[in-house]
Amino acid sequence: MKIVACNSNRPLAEAVAASLGLPLTSASIRRFADMEVFVEINENVRGEDVFVVQSTSYPANDNLMELLITLDALRRASARRVTAVIPYFGYARQDRKSGSRTPISAKLVANVITAAGANRVLTMDLHAAQIQGFFDIPVDNLFSAPLFSRDIMERYKGRDLMVVSPDVGGVVRARAMASRLHTDLAIIDKRRPRAGVSEVMNVIGEVEGRHCILVDDIVDSGGTLCNAAEALIKNGASGVSVYVTHGVFSGGAVARVGASPIENMTVTDSILATEAVRVSSNIRQVTIAPLLAEAMRRISEESSVSSLFN
């Protein structure tokens with residue numbers, strides 16, 4: 001079993017390798033003067049079970065090309081099996097035709113990852129579960145819910161909690177979390193007048209006097225979650241905390257979260273934290289390295305991964 005780290009989130013790859021008690025495979029992943037990606041694997045991987053760790057986060061296209069070229073290098077080096085470990089799967093929000101003459105980019109990315117040489121994909125909290133069906137190879141989609149539910153029970157023990165979905169599309173995710181915490185569920189009725197802009201219309205559920213836990217898979221601009229937090233406070237919530245798997249934090253998202261009523265936002269390290277995230281007073285990271293490491297170990301040993309979904 002060998003682990004290759006690309007450049008998008010090397011600290012996470014190092015933490016995964018440490019959890020498994022393995023060194024990272026020596027590899028050179030660099031740019032030519034014209035910014036073309038060059039990959040060279042400096043160790044023999046013939047007949048090995050190789051895991052490539054790479055989130056396709058910002059800059060998404062550069063990181064995706066690094067992943068594809070690394071997969072191709074390993075395939076041509078005669079690796080027995082190559083698993084693409086993609087903690088954050090970019091382009092996942094383009095999982096359907098949103099209008100006339102628009103692409104389904106998540107399907108395209110699935111195709112090129114397979115064509116590049118991946119035999120299996122390990123990812124976490126896909127934006128839409130049906131993306132697993134876009135691949136013609138096995139896909140293991142891990143969930144952050146077990147990690148988050150334990151953290152919530154430790155940090156908010158004794159509070160009157162209510163789990164809140166920031167939109168109708170996230171109800172299944174929020175309901176699963178509410179079930180784990182044995183608490184009630186509320187839903188934000190949101191409208192999008194245009195791309196990247198959201199407006200809260202209604203809060204469905206009685207949140208007065210409750211500490212609300214907003215649950216989502218991605219925080220990008222932060223507008224949806226900040227607007228939802230403001231609506232919950234206006235409806236009498238005693239406080240609002242947020243749990244999100246992937247902290248994209250584009251543009252002024254970190255400042256927006258800092259100025260919002262959100263007491264605390266917890267994200268995983270599926271995406272490498274920027275300096276703004278690291279110094280933020282109300283954003284914290286929890287690591288998914290042990291979870292990824294255990295899934296990789298089980299895949300390598302050909303044992304069951306499904307129990308990690310619980």
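This report walks through some salt bridges and one helix in the structure above.

Keep in mind that what you're looking at is a predicted model. Let's start with charge. Side chains of opposite charge can pair when their charged atoms come close. In this structure, that adds up to 21 salt bridges. Here are three of them, with the distance between nitrogen and oxygen.

| Salt bridge | N to O distance |
|---|---|
| Glu302 and Arg81 | 3.2 Å |
| Arg173 and Asp217 | 3.8 Å |
| Glu301 and Arg297 | 2.6 Å |

**Glu302 and Arg81**

Take the Glu302 and Arg81 salt bridge, where the closest N and O atoms sit 3.2 Å apart. This one joins distant parts of the chain, since the two residues are 221 residues apart. Glu302 is found in the segment after α9 (289-300), while Arg81 belongs to strand β5 (residues 81-86). Their surroundings contrast too: Glu302 counts as exposed because its relative accessibility is 57%, and exposed means over 50%. Arg81, at 12%, counts as buried because that falls under the 20% cut-off. The pair also has company, as Asp49, Arg80, Arg81 and Glu302 are linked in a network of salt bridges.

**Arg173 and Asp217**

Next up is the salt bridge between the side chains of Arg173 and Asp217, at 3.8 Å from N to O. Arg173 sits in helix α5 (residues 171-181) and Asp217 in strand β11 (residues 211-219), so this pair ties together parts that are 44 residues apart in sequence. Arg173 is partly exposed, with a relative accessible area of 25%. Asp217, on the other hand, is buried at just 2% relative accessibility.

**Glu301 and Arg297**

Then there's Glu301, whose side chain meets that of Arg297 in a salt bridge at 2.6 Å, N to O. Glu301 has a relative accessibility of 49%, so it counts as partly exposed. Arg297 is partly exposed as well, with a relative accessible area of 29%.

**A look at helix α6**

Now for a helix. Helix α6 (residues 223-234) has 12 residues, and at 1.5 Å a residue it should span 16 Å. Its end C-alpha atoms are 17 Å apart, which agrees with that expectation.

Which residues of α6 are buried? They are Gly223, Thr224, Leu225, Cys226, Ala228, Ala229, Ala231 and Leu232. Follow the chain just past α6 and you come to Gly236, which takes a positive phi of about 100°.

Conventions: Residues numbered from 1 in each chain as written. Predicted model: local features only at pLDDT ≥ 70, side-chain atom pairs only at ≥ 80, totals over all residues. Heavy atoms only, no water. Salt bridge = Lys/Arg side-chain N within 4 Å of Asp/Glu carboxyl O. Helix = DSSP H or I, 4+ residues; strand = E, 2+ residues; numbered from the N terminus. Buried < 20%, exposed > 50% of the residue type's maximum accessible area, 1.4 Å probe, protein only. Expected span 1.5 Å × (residues − 1).
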